[in-house]
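Let's take a friendly walk through the strands of this model and see how they fit together. Have the sequence and the 3D view at hand.

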Amino acid sequence: MRKIIVLSFITLDGVMQAPGGPEEDTSSDFKYGGWVAPYFAEADEAAGELMAKQMKPADLLLGRKTFEIFASYWPEHGDVWPGINDVTKYAMSNTMIKSDWKNSVFLKSIDDIKKLKNSEGSDIQVHGSGNLIQTLFKHDLVDELWLKTFPITLGVGKRLFGEGTIAAAFTLTESLVTPNGVIFANYKRAGEVKTGTIGD
């Protein structure tokens, strides 16, 4: 069985939309695209090492919109993310059936994702893909979360945890706080949510 790992840049209020640039995702008139850039301009060595570790080659599972953004950019910029053009890219789409981006495979349903997860192979990373992530949460298919939380609030935009998110417990497996306040935190799925009363 393969692990599905969701990697996301998020704000303190959970916004994940368009972290990389102004034109990345302007849906719903989102005007804060590129909100991570000022922080990475000042990134320290430890953060750079952790980012390099998270960008090691792994198969990708992407929603259609994110796939289209990636497919238009990464074939010409593979030197920035070594190996991305060689791994298998699984795209969830009801409309796309082929792409010029090599090693692209199209999935149609949640059952296709479950079959992929139950197959043999490397871990599978999910980047961007807000709608797809909501589906994965709803069906309890996320094994790990690798989050980068930035010290800002935006108030608007697509959020990582939407209404389809189920109650689930996670365990922290790795963390780092950069000098400029970005929190890197990796979590793995850890069963059901437990409750109790403080002091009992």
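A residue counts as buried when its relative accessible area is under 20%. Keep that cut-off in mind, and remember that this is a predicted model.

Strand β6 (residues 144–150) is a good place to begin. Seven of its seven residues are buried, so β6 is largely enclosed by the rest of the structure. In a regular strand, side chains alternate between the two faces of the sheet. Both faces of β6 are covered: one side holds the buried residues Glu144, Trp146, Lys148 and Phe150, and the other holds Leu145, Leu147 and Thr149, also buried.

What lies beside β6 in the sheet? The strand order is β4-β3-β2-β5-β1-β6-β8-β7, an open sheet of eight strands with mixed pairing. At its edges are β4 (104–107) and β7 (170–177), each pairing on one side only. From one strand to the next, the twist averages 20°.

Here are three of the strand pairs, each with one pair of facing residues:

| Strands | Sense | Bridges | Facing residues |
|---|---|---|---|
| β1 (residues 4–11) and β6 | parallel | seven bridges | Phe9 and Lys148 |
| β6 and β8 (residues 183–189) | antiparallel | six bridges | Leu147 and Ala185 |
| β2 (residues 59–63) and β3 (residues 89–92) | parallel | four bridges | Leu60 and Lys89 |

Helices pack on this sheet too. Helix α2 (residues 45–54) touches β1, β5 (124–127), β6, β7 and β8, and its direction makes about 135° with that of β7. Helix α3 (residues 64–73) lies across β2, β3, β4 and β5, running at about 120° to β2.

Note on methods
Residues are numbered from 1 along each chain as its sequence is written. This is a predicted model: local features need pLDDT of at least 70, side-chain atom pairs count only at pLDDT 80 or more; totals for chains, interfaces and linings use all residues. Side-chain values use heavy atoms; hydrogens and water are left out. Buried means under 20% relative accessible area, exposed over 50%, partly exposed in between (1.4 Å probe, protein chains only). Helices (H or I, at least four residues) and strands (E, at least two) are DSSP runs, numbered from the N terminus. Two strands pair if DSSP finds at least two bridges between them. Axes are lines fitted to C-alpha atoms, for helices over the stretch in contact, and angles run from 0 to 180 degrees between N-to-C directions. Contact means heavy atoms within 4.5 Å.
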